[in-house]
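Hi,

Here is the structure I promised to send over. Have a look at it first, and my notes follow underneath.

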Amino acid sequence: MSGIVSREDIVKMLGASPPLVENLCDAHQQVQPNGIDLTLKEVALFSSAGTLGSHTEGRVLSATSPLVFDGLGRVDLLPGCYLITYNEVVNLPKTIMALALPRSSLLRCGVSIHNAVWDAGYSGRSKALMVVCNPQGFRLYRNTRIVQMVFLLLSHEVAQGYHGMFQGENI
């Protein structure tokens, strides 16, 4: 059977080796009925153009410059695009893939987060695109919950899990 993984099953998988998700700031707050909230570790500005060719060899990722949180652990963002890094390390078995959506509070402040698909077999500390659309800007605190990751149980285990260039990233 396939479907969305429930809180009860997520809690069980947090105790596995490796855990489904590790480095949680506060499991009590982060584990939700239908997923896990991921939290903010870093925010960076894009500082160069990127390139995506028809083959992997033509890929050049944009350079970034990290922003510094102030003494209160916050950063004020102007409208624009930012690359964010999550605190949590995700370890997906070959029977589960994941998607993540921004928390509704972000959307109500004019901020969105765009994630790619987490393929079955992926392990790493992911990055995502944050877009501040609010013309007044946005204040963000380190370790705040920003997206909810939802886990989807596949109909059967994949023969080969994710093995791309981002496997093991930022660990």
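To start with a small one: which residue in S14 is the bridge partner of Thr-39? That would be Arg-145. Keep in mind that this is a predicted model.

S14 is a good strand to begin with. S4 and S14 run antiparallel and are joined by four bridges. With S9, S14 again runs antiparallel, this time over seven bridges, and one pairing there puts Leu-101 opposite Gln-148 as its bridge partner. Strand S1 (residues 3-4) also pairs with S14 in the antiparallel sense, over two bridges; Gly-3 has Leu-153 as its partner there.

Now the core. The largest nonpolar core contains 34 residues, and Val-43, Ile-84, Tyr-86, Ile-113, Leu-140, Ile-146 and Phe-151 have the most contacts inside it. Among the strands that each supply at least two of its residues are S4 (35-46), S9 (96-102), S13 (138-141) and S14 (145-153). Beyond its neighbours within four places in sequence, Leu-140 touches residues including Leu-40, Val-43, Phe-69, Met-130 and Ile-146.

A few backbone details for you to check:

- The Ser-17 to Pro-18 peptide bond is cis, with omega near -5 degrees. Pro-18 sits in the loop between helix H1 (7-14) and strand S2 (21-22).
- Asn-23 is not a glycine, yet its phi is positive, near 75 degrees. It lies in the loop between S2 and helix H2 (27-30), and counts as partly exposed because its relative accessibility is 44%.
- Asn-143 also has a positive phi, about 70 degrees, without being a glycine. Asn-143 belongs to the loop between S13 and S14; at 38% relative accessibility, it is partly exposed.

Cheers

Note on methods. Residues numbered from 1 in each chain as written. Predicted model: local features only at pLDDT ≥ 70, side-chain atom pairs only at ≥ 80, totals over all residues. Heavy atoms only, no water. Core = buried A, V, L, I, M, F, W, Y, C linked by side-chain atoms within 4.5 Å. Buried < 20%, exposed > 50% of the residue type's maximum accessible area, 1.4 Å probe, protein only. Contact = heavy atoms within 4.5 Å. Pairing = 2+ DSSP bridges.
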